Amino acid sequence: MTQDELKALVGQAALQYVVPGEIVGVGTGSTVNKFIEALASVKDQIKGAVSSSEASTARLHALGIRVFDCNDVTELSVYIDGADEIDAQGHMVKGGGAALTREKIVAAQSRQFVCIADESKLVKTLGAFPLPVEVIPMATARVIRQFAVMGGVAKIRQKDGHPLVTDNGQHILDVSGLHITDPLAFETQVSQWPGVVTVGVFAHQKSHVCLLGTENGVKTLVF
Ligand code: 5RP
């Protein structure tokens, strides 16, 4: 199976976690796009979605799925999203699609995080994928220096020759050279640095279930 087929497989499998009559939390990325396509087949059975990005909102709207403002919803039963890396405890690195801040907000508002990923995303230790960090532009140089002290090399993500601007009007640093052995402590520490909006380690908002697409079908990991 191709990576795209594995993504479609887990996108479809995630439908079993969608609660009829409720609002579902929807993440961002190519795997989630497969889930959104699958969600269209049950759109009459749900109230709608809370979305984690302008890109996912556009896709949901195009398929006729109502999108609620996060502020109008107290709690979601489930949030479904992909990951750039996931470890055996359900800790993740996220933000490859630059949507990490809204993803963390919707995840925090959900009782259950269901991660959908192909098996290439399962790692022993987080950090091989350059860690996305959303930063306020005036703090960029300072945050880059702070990562350098940790042995990390941070680069400002570019789009069309300019720093990428997120849905929240901020920039993204991609930090390579990290070996994140204690994701919870790491997330707590970096989140406190002035100018950091969101660090792409999801340990406080880790996944509860991972639907992993493998050559032998969908493997369910429960954390
Ligand atoms: C977006 C994300 C995505 O969930 C992550 O990048 C995985 O994306 P894909 O499913 O395309 O591999 O965190 O900010």
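Here is a short chat about a ligand and two sheets in a predicted model.

Me: Which residues come nearest to the ligand?
Reply: The ligand has 17 residues around it, and S30, T31, D84, G95 and K121 come nearest.

Me: What makes the pair between G95 and the ligand a polar contact?
Reply: A polar contact needs two N or O atoms within 3.5 Å. A backbone N or O atom of G95 lies 2.8 Å from an oxygen atom of the ligand, so the pair passes the cut-off.

Me: And what about K121 and A99?
Reply: For K121, an N or O atom in the side chain is 2.7 Å from a ligand oxygen atom. For A99, a polar backbone atom is 3.1 Å from an oxygen atom of the ligand. Both values are within 3.5 Å, so these are polar contacts too.

Me: How much of the ligand does the protein bury?
Reply: Taken alone, the ligand exposes 380 Å², and the protein buries 91% of that. The space the ligand takes is the largest pocket.

Me: How do the residues of the shell around the ligand divide?
Reply: There are 3 nonpolar, 8 polar and 6 charged residues in that shell.

Me: How do you know that β5 and β6 pair?
Reply: Pairing takes at least two bridges. Strands β5 and β6 (residues 92–93) have 2 bridges, in the antiparallel sense, so they meet the rule. As for bridge partners, I86 has M92 in β6.

Me: Why is one side of β5 left without a neighbour in the sheet?
Reply: The open sheet runs β5-β6-β14. β5 (85–86) and β14 (201–202) stand at its edges with a single partner strand each, so each has one side without a neighbour there.

Me: Which strands stand at the edges of the 7-strand sheet?
Reply: That open sheet has the order β3-β2-β1-β4-β7-β15-β16, and its pairing is mixed. β3 (67–68) and β16 (217–222) are at the edges, each with a single partner strand.

Me: What makes β1 and β4 a pair?
Reply: Strand β1 (residues 23–26) and strand β4 (residues 76–81) share 2 bridges in the parallel sense, so they reach the required two. The bridge partner of G25 in β4 is Y79.

Definitions and conventions
Residues numbered from 1 in each chain as written. Predicted model: local features only at pLDDT ≥ 70, side-chain atom pairs only at ≥ 80, totals over all residues. Heavy atoms only, no water. Near = heavy atom within 4 Å. Polar contact = N/O pair within 3.5 Å; in protein donor to acceptor, adjacent residues only side chain to side chain. Areas by Shrake-Rupley, 256 points an atom, 1.4 Å probe, with all protein chains shown as cover. 1 Å grid on protein atoms, 1.4 Å probe; cavity = no way out; pocket = protein on both sides within 12 Å on 5 of 7 lines; lining within 4 Å. Sits in = over half its atoms within 2 Å of the grid points. Nonpolar A, V, L, I, M, F, W, Y, C, P; charged D, E, K, R; others polar. Helix = DSSP H or I, 4+ residues; strand = E, 2+ residues; numbered from the N terminus.
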